[in-house]
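Reader: I am new to this structure and would like to learn how its labels are earned. Could you show it to me first?

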Amino acid sequence: MSIDEGLRSELSRQGIFTTTLEGLYNWGRRNSVWPLNFGLACCAIEMIAASMARFDLARFGAEVFRPSPRQADLMIVAGTVTKKMAPMVVRLYNQMPEPKYVIAMGACAISGGPFKQGYNVLKGIDRYIPVDVHIPGCPPRPEALLHAFMTLQRKIDAQKLSGSDRARHFDAQAPSEFPIPQYGQHDLEPPRNEAVWRPPAMRRGE
Amino acid sequence: MSPLDQVVARIGAAIPGARVQILPNDSPSGQHSLLVDHEHAVAVAKFLRDDPDLQLDHLANVTGVDWLDATVKEKAKVRKVINGAEKEVEETLERKKPGFLEAVYHLYSIARNHGPVILRLRTGNRIDQVRVPSLTPIWRGAEFQEREIYDLYGIVFDGHPDLRRILMWDEFQDHPMRKDYVEPDDYEYEPTAHDKVLEKAKKHHTAADRPQL
Amino acid sequence: MNATIELEATGKKSNFEILPKVTPAGEISGEFLEVSMGPHHPSTHGVFRMDVTLDGERVVKLKPVFGYLHRNHEKIAEGTAYLASMPYTDRLDYFCSMTNNWAYALAVEKLAGLQVPERAEYIRVITAELTRLQNHACLCGFLLQDMGALGTPLMYAFREREKILDLFEALSGSRMMCNYMRFGGCRVDLSPGWIEETKRVVENFPRFLDEFERLLSENEILIARTQGVGVLPAPLAINASITGPMLRASGVNYDLRKADKYGIYERFQFRVPLGDHGDVYDRYMVRVLEMRESLKILQAALRDIPPGPISDPKAKVRNFRPKAGEAYGRIEAPKGELGFYLISDGSPNPYRYRVRPPSLINLTILEDMCLGHIIPDVVVILGSVDIVLGEVDR
Amino acid sequence: MRLNSTTLRNRSDWSGAVPIRPEYGWKIGWNGGSRASGIQTVTGTRTTHMQASDHPYLFLAVFLVVAVIFPLVPLGLARLWARTFSPPKPGPVKNAIYECGVESKGDAWIQFKSEYYLYGIIFLIFDVEAIFLFPFAVAFTNLTIGAFLAMMMFLLLLVEGLVWAWQKGVLTWK
């Protein structure tokens, strides 16, 4: 599939550029990531700030914030996901077309953050949907979001078109929709999606 | 504004039968409050709003408070016969104080620029006598706040135009701001600054549940 | 609950009666269209949701739905020490962390009877007015974005906001979540050069305002979209506990900086802009004018700020236990009256901790303002209310 | 491509290096107007293998073919890509009506107000009119008086319809 690196660099020195279909595809994808216009809480303001003049998200080809999930590639979960909001987040994620990526922005989206003890706060959006990049911080600075973007771009660049380790959207068996939790009498039902998230291990003696 | 006892006297004069009681507040803020009975609460509120001297037209804040059942320890001097001689002895008596829910209204006047006058409405207990009259017909600003108290504390406001849950979803059954509310037990373990969270996490992750290292 | 109670001060029957016919199954018959605007909607400023019933494009019923950002701030605060709630207040109205800090500090100071040194009061005024500047600027940007001016006004507003956030960062170490005020004072003193830097920002701000107004205030589209839209009469506004610029746009002269004279606001000369019509345009203009008045306060405060200590030596940081009792403290936050109601039972945690959120209560009459208008107007009216969901749902 | 006489003349090597022969592709002819004024000009015209003037519909055919191929090729490529690499994954939630994240309820097929239909119809009329106006404007200078009048009649009918709708108050949104 891929050509020898040495040959490729030799060719490029002679003015002949070679690429693979995979490389071309990933190059196009990573430079045109369209995020979903999706602000939940405080982090959304920093997300807006990142798209404004000083930080200028447009440099990464990602300034086109789409209000509709049908046109978006990337969901930036910017802020606290409450239990009341979690079904909506999962539904919006399901409604996005493949390939789709998720950035969990801020401590709340990762784990509940400072509001972790809250009865209505989801302890991390990765309980229901797969997250590609986590950004710590409360809220993360716009630079952190830019860094997350570049991390995501590297991740997209490394995606395989075929083979057993190919990206999820190339795999016919991998799910594209994830179960949406229901409102229960005391809590969301189920409280987590076992296929996506298991509780982290506890070491003996702690 | 005239002192609170004069306000109470004027309420008594204007609304016969109204039982209004001053609850003192010991803190430096000195914001004392008025406990109003259920039957006359709406009339008292209307009087406070419309009285030309008071004109409390701005309802700043409506709050619920949950007071749990408590045992109050009181020291009392009791005469007792000890060793044949009658003596006065100090003893601590325990008295059960039944809990209740409380709705607190903070009133200010925009027209006359004074305040706050604080009204309190109390329910009979925390379980079945949880109804108080709604003051939304007098001050529209109470609408969402009373809904919130209904949602989080479970006080039912009689006469509220649209009493539904506001913050939690409709299927939710508990009243989470009550002091004895038990949260859903779904914490994962991680080092955290909150000891209570840690306790819960340890309880939650039984050996079977735990993925093997 | 029966819905036919007359809300007497407004003279308006409850909203349920406006709907013509409701079939027994609860489904609205005929040609009404039910639309859920939000929680994921580009114009609702967060995760706010309105269930709108439309007749053609006219709104016949509008029910706000809350709770999508209910983060249990009050419950968490009742479980932690007084001071530990201070960072949480930053996240209430995440545009204005400084004013949130101040309101909470003010309530605790009332509860515990603490004094604030003069220099700290000046710092509080300066930070609060800077907060007001950036909040109003961004709100105007968002409002215009809702009207279709995509990008440009918001870019201008955020350009100014970044300058103010740089000041906050130099002061407190954080751009947005400052966590700066303490009971009886402030956390750290001003760094050297901060006053000069702030003076420079304040001097340059009118240039931005002039540019902004030249660009927009006389704009024909802005006028057509906002004048006469979402009119809020003064008696209804007072009765519905509306506060802040919304109340003043309806012509009610009630600014807590003048009415309560908290802090040291009586030392400053400033005017309170009032609206005539109570429509969206007035709300926009009141905010623009308030920014100009804030600049006056800032100039005076930056000129007069004295040296001295920045916190009350009596205020304990550790083991802070106010006497049993209660207090309600309020300030004029950029969005309206922000109050904190605290009940102490003598323990290190507050027994009851309540935030009086201006955004939530200002939404009480959203339906009244929107009835009879078309959907594009609803977006503009909501934009003019100035809500932040962190504060609406807490 | 049209070369004028001065460039041709000044390039002395032109006729020598490149054979200028009609059958090769370069046609040298006499411009009628220039001959009348007495100035000799040489005009070079680049032609394709087939003269466009011989088949006036050829360009149209080329346009048509390109117009069909241009969208079809990416569609076909996308289809091929999807078949080879990324499988389609439809689902009930993904296919559901998007309603701001809330579960969609009811049907989108309901009776709207009649204003919507009026707007739709008026829009359609002017849409059709615009399609006719473009060729009309392009061919305007070469039109006969009859064609012009026919077009004016067509426009008049549409304007009459607009005036009627205006008078009926359709254009103000109630």
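Reader: Which residues are linked with C:R352 in a network of salt bridges?

Author: Welcome! Please keep in mind that this is a predicted model. The network of salt bridges links B:E148, B:K179, C:E74, C:E78, C:R352, C:R354 and C:R394.

Reader: What makes C:R352 and C:E74 a salt bridge?

Author: The closest N and O atoms of C:R352 and C:E74 are 3.3 Å apart. The cut-off is 4 Å between a side-chain nitrogen of Lys or Arg and a carboxyl oxygen of Asp or Glu, so the pair C:R352 and C:E74 counts as a salt bridge. In general, side chains of opposite charge can pair when their charged atoms come close.

Reader: Why can one say that C:R352 and C:E74 tie together parts of chain C?

Author: C:R352 belongs to strand β8 (residues 350–356) and C:E74 to helix α1 (residues 73–78), both of chain C, so the pair joins parts that are 278 residues apart in sequence. Both C:R352 and C:E74 are buried.

Reader: How do you know that C:E129 and C:R257 count as buried?

Author: Buried means under 20% relative accessible area. C:E129 has 0% relative accessibility, so the label buried fits. C:R257 has 4%, so buried fits there too. C:E129 and C:R257 form a salt bridge as well, with their closest N and O atoms 3.3 Å apart. C:E129 sits in helix α4 (residues 118–146) and C:R257 in helix α10 (residues 256–259) of chain C, 128 residues apart.

Reader: And in chain A, why is A:R29 called partly exposed, and is A:D73 buried or exposed?

Author: A:R29 has a relative accessible area of 21%. Partly exposed lies between 20% and 50%, so A:R29 is partly exposed. A:D73, at 14%, is under the 20% limit and therefore buried. A:D73 and A:R29 form a salt bridge, with closest N and O atoms 3.8 Å apart. This pair links A:D73, in the loop between α3 (42–51) and β1 (74–78), to A:R29, in helix α2 (residues 21–30) of chain A.

Reader: How many salt bridges are there over all chains?

Author: The count comes to 65.

Reader: Let us turn to a sheet. Why do β1 and β3 of chain C stand at the edges?

Author: The open sheet has 3 strands in the order β1-β2-β3 (chain C), with antiparallel pairing. β1 (32–37) and β3 (58–65) each have a single partner strand, so one side of each is left without a neighbour in the sheet.

How values were computed
Residues are numbered from 1 along each chain as its sequence is written. Chains are lettered from A and ligands numbered from 1 in the order in which they are written. This is a predicted model: local features need pLDDT of at least 70, side-chain atom pairs count only at pLDDT 80 or more; totals for chains, interfaces and linings use all residues. Side-chain values use heavy atoms; hydrogens and water are left out. Helices (H or I, at least four residues) and strands (E, at least two) are DSSP runs, numbered from the N terminus. Buried means under 20% relative accessible area, exposed over 50%, partly exposed in between (1.4 Å probe, protein chains only). Two strands pair if DSSP finds at least two bridges between them.
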